[in-house]
Amino acid sequence: MRWIIKLDDGLARLSNLCGWVACAAMILMAANVFYDVLARYAFNEVSIGMQEMEWHLYSVVFLLGIPYALRTDGHVRVDVFYTNWSSKAKAWVNLAGAVLFVIPFAYLIGIYGYDFALDSYSMGEGSGDPGGLPHRWIIKAVIPVTAFFIATSGLGMVTYAIRVMSGEKDYEVEHSGEGLA
């Protein structure tokens, strides 16, 4: 059981790292939007590259926010029944969901995302707009990287569920959003 605790704690740190990167990308995106609005309306200047950077940063926020949301139970869930279940029942649902859905889905995203990014790199894909960002493969490479982190979060859901089933952890306290800072 000790190795599961260490593995779970390490996977939690990886998910938290994804959350911090997503948070930093969100702050950068807000600054980018502020710059775009100021440049457009105060100076009548438009930068296609900065506009494209907005959706690149948004992609990072969204993609790296997923592993963090999975770890902290911050994802959208239809919890008509789930809310009233015991922690052990929730653990079984989360364990099955991670093994049957999250990890295989992450595998598929990783396989197809890798090919997607590799094709973009081999074509030398860049923006079709003049003044746009070159090297579009960089943002496309975030997709398979995210798939890895989603899979690790899925594995973290499994290890956490095992800890809940053993009685060491509890969903009501740990995943309530309290104490997250």
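User: Does S120 count as buried or exposed, and at what relative accessibility?
Analyst: This is a predicted model, so keep that in mind throughout. S120 sits in helix α3, which covers residues 87–123. Buried means under 20% relative accessible area, and S120 falls under that cut-off, so it counts as buried, at 1%.

User: Which residues does S120 touch, not counting those up to four places away in sequence?
Analyst: Contact here means heavy atoms within 4.5 Å. With residues up to four places away in sequence left out, S120 in α3 touches E125, R136, W137 and K140.

User: How does the end-to-end distance of α3 fit what its 37 residues should span?
Analyst: Take 1.5 Å a residue, and the 37 residues of α3 should span 54 Å. There is a kink of about 45° in the helix, centred on A98. Even so, the expected span agrees with the distance between the end C-alpha atoms of α3, which is 50 Å.

User: And what about α1, how far apart are its end C-alpha atoms?
Analyst: Helix α1 runs over residues 2–43, so that's 42 residues. At 1.5 Å a residue they should span 62 Å, and the model agrees with that: the end C-alpha atoms are apart by 60 Å.

User: Which residue follows α3, and what is its phi?
Analyst: Most residues other than glycine have a negative phi. The residue that follows α3 is a glycine with a positive phi: G124, near 70°.

User: What phi does N44 take just after α1?
Analyst: N44 is in the loop between α1 and α2, the latter being 48–71. N44 is exposed, with a relative accessible area of 66%. It is not a glycine, yet its phi is positive, at about 55°.

User: Which residue in the loop between α3 and α4 has a positive phi although it is not a glycine?
Analyst: Look in the loop between α3 and α4. The residue there is partly exposed, with a relative accessible area of 46%. Its phi is about 55° although it is not a glycine, and its name is H135.

User: Is S127 buried or exposed?
Analyst: S127 lies in the loop between α3 and α4 (137–165). Its relative accessibility is 19%, and the cut-off for buried is under 20%. So S127 counts as buried.

User: How far is the C-alpha atom of S127 from that of I48?
Analyst: Along the chain, S127 and I48 are 79 residues apart. S127 also touches E52, G132, L133 and R136, not counting residues up to four places away in sequence. In space, the C-alpha atoms of S127 and I48 are separated by 9.4 Å.

User: What relative accessibility does S153 have, and which residues is it in contact with beyond its neighbours within four places?
Analyst: S153 is in helix α4. At 0% relative accessibility, S153 counts as buried. Leaving aside neighbours within four places in sequence, its contacts are S15, P67 and L70.

User: Zooming out, what share of the contacts with a separation of 6 or more comes from residues 24 or more positions apart?
Analyst: The protein has five helices and zero strands, running α-α-α-α-α from the N terminus on. Its C-alpha trace spans about 60 × 40 × 30 Å along the principal axes. Of the contacts with a separation of 6 or more, residues 24 or more positions apart account for 74%.

User: How much of the accessible surface belongs to carbon and sulfur atoms?
Analyst: Of the 181 residues of the protein, 36% count as buried. The accessible surface comes to about 11000 Å², and the share of carbon and sulfur atoms is 70%.

Definitions and conventions:
Residues numbered from 1 in each chain as written. Predicted model: local features only at pLDDT ≥ 70, side-chain atom pairs only at ≥ 80, totals over all residues. Heavy atoms only, no water. Helix = DSSP H or I, 4+ residues; strand = E, 2+ residues; numbered from the N terminus. Expected span 1.5 Å × (residues − 1). Buried < 20%, exposed > 50% of the residue type's maximum accessible area, 1.4 Å probe, protein only. Areas by Shrake-Rupley, 256 points an atom, 1.4 Å probe, with all protein chains shown as cover. Bend = angle between axes of the 7 residues up to and from the residue.
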